[in-house]
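Visitor: I am new to reading structures. Please show me one, and let us go through it step by step.

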2 protein chains.
Amino acid sequence: MAEFEIIEKYFKALASSNKAARNLADDSAQFAVKNNCELVVSKDIFIEDIHFLLEDGGYKIAQKLLSTNLSDLAASGATPLYYMLGFGKSKNIDEKFIAEFCKGLRDLQKKFKIKLIGGDTSAAPKAFFSITIFGSVKKNQNLARFNGCENDLIFVSGNIGDAFRGLQIKLGEKNNYTKSQKNYFLNRHFFPTPQIILGQNLLAKKLSKCAIDISDGLLADLRHICKNSKLSAEIFLDKIPFYEKNLPLNQQLKLMSGGDDYELLFTVDCKNERKIINLAKKLNLKLSCIGFLTKKQRCEITLFNSQNQQIKLTKFGYEHF
Amino acid sequence: MAEFEIIEKYFKALASSNKAARNLADDSAQFAVKNNCELVVSKDIFIEDIHFLLEDGGYKIAQKLLSTNLSDLAASGATPLYYMLGFGKSKNIDEKFIAEFCKGLRDLQKKFKIKLIGGDTSAAPKAFFSITIFGSVKKNQNLARFNGCENDLIFVSGNIGDAFRGLQIKLGEKNNYTKSQKNYFLNRHFFPTPQIILGQNLLAKKLSKCAIDISDGLLADLRHICKNSKLSAEIFLDKIPFYEKNLPLNQQLKLMSGGDDYELLFTVDCKNERKIINLAKKLNLKLSCIGFLTKKQRCEITLFNSQNQQIKLTKFGYEHF
């Protein structure tokens, strides 16, 4: 299929009745941002055999691709608006893949009320995708990893390590999980839940100024908060929300370094703790307080076990290159 | 070099003192658009061995990458604001390449007053880049390929085919050009001139509503205008601005299909012809009227020679995949 045919047959439907997209017939998209709002933009690249396997199929790849980008907006407290797609098409991507890929995008578009507004396609030796996603926040509101304050409580949504467990299962790891448990973990790996509504609530209700989505792993992303807020963190192993209780320490540390959780890690002034507990109830979300930020010379994480003994940390998650 | 080191050492300098970029420490950028403006966004992907050769070196690759994106903004009449960079780093990209690449970006940033505000990096089997570029236009103003009107004159800036000639020279084509001519053509290939000021003038002075930048080739891009404006075009070979006079027909057709000119192709109401001539003088730009748009059943280009004979067209430029 030629480039223009693919755009015509598959991608145009994702942009329909949306003026900004200019019917995908132009190199540029054009749109206004509400007067009282600012734009939030994030860009991710997603490469075959590094971020995904072609054998996962177009549907799952599309869902993960767009979800992880939505997760960046969630960490900014933004309301999703639009996205653009860069598509490097390798020879082993066929029409069936593209059809399923577009279905994966379409289902998320509906769920999060966003539309495709443009992009670029090219032949490529290995498949890759690049998404730029647009959202909006009220002017002068800011949810960002550098906004942490001394004594802030550190909260995390959902569980830590479920997606990593799913990846291990996908890669053929031996274990004693039931079929339904395996499916649960695989779903957490393939279909992360962008915490858009949580992010919007944290920002709009002024419950938090500092958040990050966990992509590199709990420890690595908490370290980003520390480094950028110029603070340290003290966290408690028995407060970390794992799917299973009483895992051996090395397993727990693996899950905390595994990455791909796409849960929100955020910090909260102590006076707002009650409000966070209420928000968790209202949104029917698991929100766990795992520690607090503290002033220390070096931006470090200190991890304590239930006997209040310090556990030495060495691995902080995934780094590219 | 690790991912964070590269960002720290090279990319941060491209984003300095720019609030939107959040010091490249966040996954998202955040900025406001002026109340009376709309945002124009374009996204391109740029792949090793397809769009560039690593041996061209980081400086030239960066310049072409960012220029072609600026050219998309030019075709929308937009004022450049910011850009984001996706960087797939293959093993054969070393620190020297990255340093030169960033110098190439920096020089264009100065020239066009834009800043880097974010992006993403990853290891990749083959190098690729993906830029998302942001510009602004006044609200409800539109320069787009689908806005052509019947009887509009068709104008083009600069020369057609110089960049294609440069590519041929780079690839080792035998010819009789002098060294300085060869350098001229090579420069047109490596360093396209985004026609930002021309685009801004066309839009702000309401001289044109329809433009495209020539990336796929004059014929292919004129065909985009025709198809999207639901019109046909009649153009005249002896009006096409080639560097050389009296080229054989097959050479002329090659240059018109070659692509990578990054000149603006735009249409103008007849009543504005004089103003375009004046604008050309004011901006010290070569602007040539090559034909006009016409109502015909099929969106076709008809090309006439100086004897007013029709020349049959078969090849319309470059298509990916």
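Visitor: What rotation superposes chain A on chain B?

Guide: First, some ground rules. This is a predicted model, where local features need pLDDT of at least 70, side-chain atom pairs count only at pLDDT 80 or more, and totals for chains, interfaces and linings use all residues. Residues are numbered from 1 along each chain as its sequence is written, while chains are lettered from A and ligands numbered from 1 in the order in which they are written. To compare copies, superpose them by least squares on the C-alpha atoms of residues with pLDDT of at least 70 in both. Here, chain A lands on chain B after a rotation of 180 degrees, with 0.0 Å of shift along the axis and an RMSD of 0.0 Å. That is how a two-fold axis relates its copies.

Visitor: Which residue of chain A comes closest to the rotation axis?

Guide: Asn35(A), with its C-alpha at 2.8 Å. Both copies use the same surface: 100% of the contact residues of chain A recur in chain B. Contact means C-beta atoms, placed from the backbone, within 7 Å.

Visitor: How is chain A divided into domains?

Guide: Domain bounds come from an automatic or database assignment. Chain A has domain 1 (3-138) and domain 2 (153-311). Their C-alpha centres lie 27 Å apart. Each domain of chain A gives 17 residues to the contact.

Visitor: Which element gives the most to the domain 1 side in chain A?

Guide: Helices (H or I, at least four residues) and strands (E, at least two) are DSSP runs, numbered from the N terminus. On the side of domain 1 of chain A that touches domain 2, α2(A) gives the most, with 11 residues.

Terms used
Contact = placed C-beta atoms within 7 Å.
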